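Here's a quick look at one protein model, starting with a pocket and moving on to a helix and the overall numbers.

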Amino acid sequence: MNRKMKVLGTALLLLCALGVLFAAGCKGQRGSGDVMARVNGHKILRSEIEKYYRNQTEGQPSPSNEQAQALRLSILREMIENEILAQRAEKLGLLATDEEVDSKLSEIRAPFTKEEFDQRLKERGITLEDFKRDLRRSITVEKVLNKEITSKIIISDGDISNYYNQHKAEFNLILPQYHLAQILVTTKPSPQVRNLKNDKAQNEAEAKKKVSMLLNRLDSGEDFATVAMNYSEQPDTSATGGDLGFVPEDALQRDRQAYDAISRLKPGQFTPALPAMEDGSTQKIFGYRIIKLISKEPAGQRELNDPRVQQAIREQLRDRREQLLKSAYYESLHNSASIENYLADQILKASGQ
C-alpha cells in the first residue's frame with residue numbers, strides 16, 4: 001500500500017474521530033464557565049469539547065441527552081489522557097518540534113492538490129492550525145509511548161516457540177483461506193463514507209459510471225489499495241486499502257457469485273464489477289464491488305519454522321504486551337496527576353447525586 005496515502009488516511013481518521021488540541025488558558029471557576037477540567041492546573045475548555053463533539057455527531061441522528069453527555073465525557077477523558085502525556089513529554093524533552101510537524105504535514109499533503117486538502121479540512125470543520133496542533137500532539141504522544149513502552153518490548157524466540165506449542169491447533173487450517181481486498185461503490189451515499197477523495201456515487205447511473213472508471217484505472221496498472229483509499233465507499237475498509245483480511249472458504253462459498261469469480265483468479269488479480277448485496281440475508285442490489293485476491297492459503301498445519309507463523313505470533317505477542325503496558329502506564333500517570341473533571345461533577349449534580 002502507498003505509505004503516504006496510508007498515513008493520510010490514518011491522520012484524517014484520527015482528526016475525524018477526535019483529535020486533541022493544546023488548550024489555551026482562560027479564567028473560570030470550579031464546575032462553571034468554560035473550564036471543564038484541569039490537569040495539574042492546565043485548563044481544558046468547553047469550546048474544545050464541543051468542537052470535537054460536533055465533528056463526531058455531524059450527519060448522525062440527534063443523540064439523546066444521556067448519549068450526548070456520555071460522548072462529551074468520553075471526549076474529555078481522551079483529552080485528559082493526552083494532556084497528561086503532553087506534560088510527561090515536556091519533562092522528557094520529547095515535545096514534537098516544528099520541523100517534525102512540518103515534515104509530517106508535507107508527507108500528508110503530498111497526494112493532494114491544495115484545493116483538495118483544504119476541502120478535506122473544511123468538511124471536518126477544522127483549520128490548518130487545528131490540524132497542525134493535532135499533528136504536534138499525535139507526534140508527541142507517539143514519541144513518548146515509543147520511548148517509555150514500545151522500545152522496551154522484546155519478544156524472544158523462546159516466547160514464540162512457547163506460544164506455538166500451546167496454540168498449535170490455531171495454525172492448522174481446516175479449510176483454505178482467501179486474503180481479499182474490496183472496492184465498493186454504492187447507489188445510496190452515506191455520511192459515514194469518507195474516502196480520501198470524498199467521492200460518492202449518488203444514484204445507479206453514477207455508480208455504474210464510477211465502477212467502470214475504477215476498473216479502467218486498475219486495468220491500467222494503478223495500485224488497488226490506493227484506488228480503494230481514494231474511492232471505495234465501504235466505511236470500515238477504505239482507510240486500509242479495502243483489505244478484508246482472510247476469509248475461510250466455507251464463508252466465501254455462501255457468497256456464491258463472489259466465490260465463483262474469485263476461484264478463477266490468481267493472486268494479484270481482481271474480479272470484474274460484481275453486484276453488491278445489502279446484507280447476507282437479502283439479494284437487494286445497491287451497488288457494485290471489485291474484489292482482489294491477495295493470496296490463498298491452502299488447508300493444513302502451519303509449522304513453527306514458517307516465517308509467516310513466526311511473524312504472526314511475534315506481532316500478536318507484541319500487541320498484547322504493548323496494550324497491557326500502555327494501560328498500566330496510563331494508570332501510573334493518572335495516579336501521579338492532579339485531575340479535576342468538572343463536567344463529571346456537573347452531570348452527577350444535575351442527576352441529584
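The lining of the second largest pocket splits into 5 nonpolar, 1 polar and 5 charged residues. Here Ala, Val, Leu, Ile, Met, Phe, Trp, Tyr, Cys and Pro count as nonpolar, Asp, Glu, Lys and Arg as charged, and the others, Gly among them, as polar. A pocket is an open set of points on a 1 Å grid over the protein atoms alone, where a 1.4 Å probe fits, with protein on both sides within 12 Å along at least five of seven lines; lining residues have an atom within 4 Å of a point. Helix H12 (residues 307–335) gives the largest share of that lining, 3 residues.

This is a predicted model, with local features needing pLDDT of at least 70 and side-chain atom pairs pLDDT 80 or more, while totals for chains, interfaces and linings use all residues. Residues are numbered from 1 along each chain, and side-chain values use heavy atoms, without hydrogens and water.

Now for helix H5 (residues 114–123), with buried meaning under 20% relative accessible area and exposed over 50% (1.4 Å probe, protein chains only):

| Side of H5 | Residues |
|---|---|
| Buried | Phe-117, Arg-120 and Leu-121 |
| Turned away from the buried side, exposed | Glu-115 and Lys-122 |

The buried residues sit on the same side of H5 because they cover an arc of only 95 degrees around the axis. After H5 comes Gly-125, with a positive phi near 70 degrees.

Zooming out, the protein has 13 helices and 9 strands (DSSP runs: H or I, at least four residues; E, at least two). Of its 353 residues, 40% are buried.

Technical notes:
The arc is that of the directions from the helix axis to the C-beta atoms.
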